[in-house]
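Trainee: I should like to request a close look at a single part of this model, with the surrounding architecture brought in where it helps.

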Amino acid sequence: MLESIGLSNAADLFRSIPTDVQLGRKLEITDPLAESEVIAAMEELAARNTAATKPSFLGAGVYSHYSPTIVDHLIQRSEFFTSYTPYQPEISQGTLQYIFEFQTLICQLTGMEVANASMYDGSTAMAEAYLMAQRVTRRNKIVVADSVHPEYREVARTYTQHGEAEIVSVSFDEKTGRVADLSMLDDKTAALVVQSPNFFGCIENLERLAGSAHAVGALFVVVVTEAISLGLLRSPGACGADIVVGEGQSFGIPMSFGGPHVGLFATQEKFVRQMPGRLCGIAYDKDGNRGYVLTLSTREQHIRREKATSNICTNQGLIALAATIFMEAMGRKGLQEVAEQNAQKAEYAARRIDEVEGFESVFSAPKFNEFVVRAPRPAAEVLERSRIDAGIIGGLALSKYYPDRPNDFLVCVTETMKREHIDRLVESLK
Amino acid sequence: MANIPENLRYSKDHEWILVDGDVASIGITDYAQHSLGDVVYIDLPRAGDKFGTHEAFGSVESVKAVSEIFTPVSGEVVEVNEGLNDTPEKVNSDPYGEAWFIKLKMDNPGEADAMLSWAEYEEYLSSQG
């Protein structure tokens, strides 16, 4: 083969790469292993991920929820698993149909008028919302609450650092845990960005915040990291959100050590031409039959580079499909039921922990399935004790993100936790 | 043969201009709408936006293409045809009347005189082949 393309050896194929950046040696990996040895090696590696195997009260943006087996079973159908981008509608109607269903379901859950075919994840969806708000309002100041997930804020900062955005943070009330001081809002503000339930699990007063944002002509952006909460709480759309972004991982997607997950992005019809991402719409063929197509493509960078709303030209197809199957398998009632179980178990856990001497819930705002506990000593120590003594991951020490909170930890309780796990955690704190 | 009203002036980018004092109404010509095909959306600027000569002030999207539209003269936008996007097909059916895009308060009304007359535009179209 080398001969037919006029080369003498394989190294010639890499001639265009400067020699000083080439590795110049063989990769340091083991000799070939038998299939059974490979499996054993992988299982040994996977076993080190104890958080995935021990009962865990971790949340903070990635949640342990039950995924019905039908999800995994259906997405492995080769038509779904191997299909690529639906740029040719005439041979992609199946893909386009499920994308349309996904968008419709997200609209219904968020209370918004239009949703895109998905983004990479919640954090990048939020970053894109900053940029969209700048375009729509022609302003550059983004006011974002400190109670929005710290890693989301970090990603958004990375995304916007070379542009015109001026990011201003707004603190939360120490007693309630909710966004308080809105004096930063002014006629230069493009958007007010809040998360609800927020990073501390507190449910924000979205209607009040929407009013404050609109009063200065800014857009109101709501971030939802725990999608299951949409099964119980009043939709952000109904509360006045202009853009809703979030993470769909809770809809039947494995935690997978952080990804791949799926970003949600929804907005109102009047802003649709400023929305980033792929969008599927209904169209009719010449015989009047209904079909689906990717539409409003002039927003995308492969159609109009400088005028594009984003450089994204993809979506999380397979993950969005899994989320769609999850939503459709659960249905409206199923989603509500799961959400209620989360809320009730979290309430039970919070009360029992509050009863333990020296431990208390920090914030007074209503919660969904997460809450912050203050321990009488450093949280990292307390959680290590629970892990060693009771084999339970009790939560997330907050000091990593909020160094002024060394004794606080975030507890998440989903429908996957049994009463006995909660009781065991409580006992380990005593 | 494209329709070319005699009372307007034209640019080689196929925009027309109707001058009234120091305010110019701007749209695209019959030749342009015919080339574009069915128009579905017009991206317009806002009142208060300022443009120099031959600056892209918006775009016209048809079923087959998106074309930028340029200011033939410099000035400040004083009025935008907001309702046009409710009936974008007007760009095809009435390009010189109801489908005006913006009204511009000209920085230098003399610039309009430098544009093509209807006869010069007609000749320009013929030479395009």
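Which residues touch the most other members of the largest nonpolar core?

Mentor: The model is a predicted one, and the answer should be read with that in mind. Four residues touch the most other members of the largest nonpolar core: Ala133(A), Leu192(A), Val193(A) and Val221(A). The core as a whole has 121 residues. Helix H8 of chain A, residues 317-355, supplies the largest share of this core, namely 16 residues. Domain 1 (52-66 + 331-429) and domain 2 (69-325) of chain A each contribute at least three residues to this core.

Leu192(A) illustrates the packing. Residues up to four places away in sequence aside, Leu192(A) touches Val143(A), Leu185(A), Leu209(A), Ser212(A), Ala213(A), Ala218(A), Phe220(A) and Val221(A). Val221(A), one of these partners, is also among the four residues that touch the most other core members. A second core, separate from the first, has 29 residues, including Ile28(B), Val80(B), Leu84(B) and Phe101(B). In soluble globular proteins, nonpolar side chains tend to be buried together.

Helix H6 of chain A, residues 150-160, has Tyr152(A), Arg153(A) and Ala156(A) as its buried residues. Viewed down the axis of H6(A), these buried residues fall within an arc of 95°, so they line one face of the helix. They pack against helix H5 (122-137), strand S2 (141-145) and strand S5 (219-224) of chain A.

Val71(A) offers another detailed view. This residue belongs to helix H2 of chain A, which comprises residues 69-75. Val71(A) counts as buried because 22 other C-beta atoms lie within 10 Å. Its contacts, neighbours within four places in sequence left aside, are Gly252(A), Ala322(A), Ile325(A), Phe326(A) and Ala329(A). Val71(A) and Phe251(A) are separated by 180 residues in sequence, while their C-alpha atoms are 9.9 Å apart in space.

The relation between the two domains comes next. Chain A is assigned a domain 1 (52-66 + 331-429) and a domain 2 (69-325). Their C-alpha centres lie 27 Å apart. The contact between them takes 25 residues from domain 1 of chain A and 25 residues from domain 2 of chain A. On the side of domain 1 that touches domain 2, the elements giving two or more residues are H8 and strand S11 (370-374) of chain A. H8(A) gives the most to this side, with seven residues. By class, this side of domain 1 of chain A has 15 nonpolar, seven polar and three charged residues. H8(A) thus appears in two roles: it gives the largest share of the largest nonpolar core, and it gives the most to the side of domain 1 that touches domain 2.

Chain B, which holds the named members of the second core, completes the picture. Chain B contains four helices and nine strands. Read from the N terminus, its elements follow the order β-β-β-α-β-β-β-β-β-α-β-α-α. Its C-alpha trace spans about 35 × 35 × 20 Å along the principal axes. The radius of gyration of chain B is 13 Å, which agrees with the value near 14 Å for a compact globule of 129 residues. Of those 129 residues, 33% count as buried. Among chain B contacts between residues at least 6 apart in sequence, 66% join residues at least 24 apart.

Terms used: Residues are numbered from 1 along each chain as its sequence is written. Chains are lettered from A and ligands numbered from 1 in the order in which they are written. This is a predicted model: local features need pLDDT of at least 70, side-chain atom pairs count only at pLDDT 80 or more; totals for chains, interfaces and linings use all residues. The radius of gyration is taken over C-alpha atoms; the globule rule is 2.2 Å times the number of residues to the power 0.38. A residue is buried if 20 or more other C-beta atoms lie within 10 Å of its own, exposed if 12 or fewer, and partly exposed in between; C-beta atoms are placed from the backbone. Two residues are in contact if their C-beta atoms, placed from the backbone, lie within 7 Å. A nonpolar core is a set of buried Ala, Val, Leu, Ile, Met, Phe, Trp, Tyr and Cys residues joined through C-beta atoms within 7 Å. Domain bounds come from an automatic or database domain assignment. Ala, Val, Leu, Ile, Met, Phe, Trp, Tyr, Cys and Pro count as nonpolar, Asp, Glu, Lys and Arg as charged, and the others, Gly among them, as polar. The arc is that of the directions from the helix axis to the C-beta atoms.
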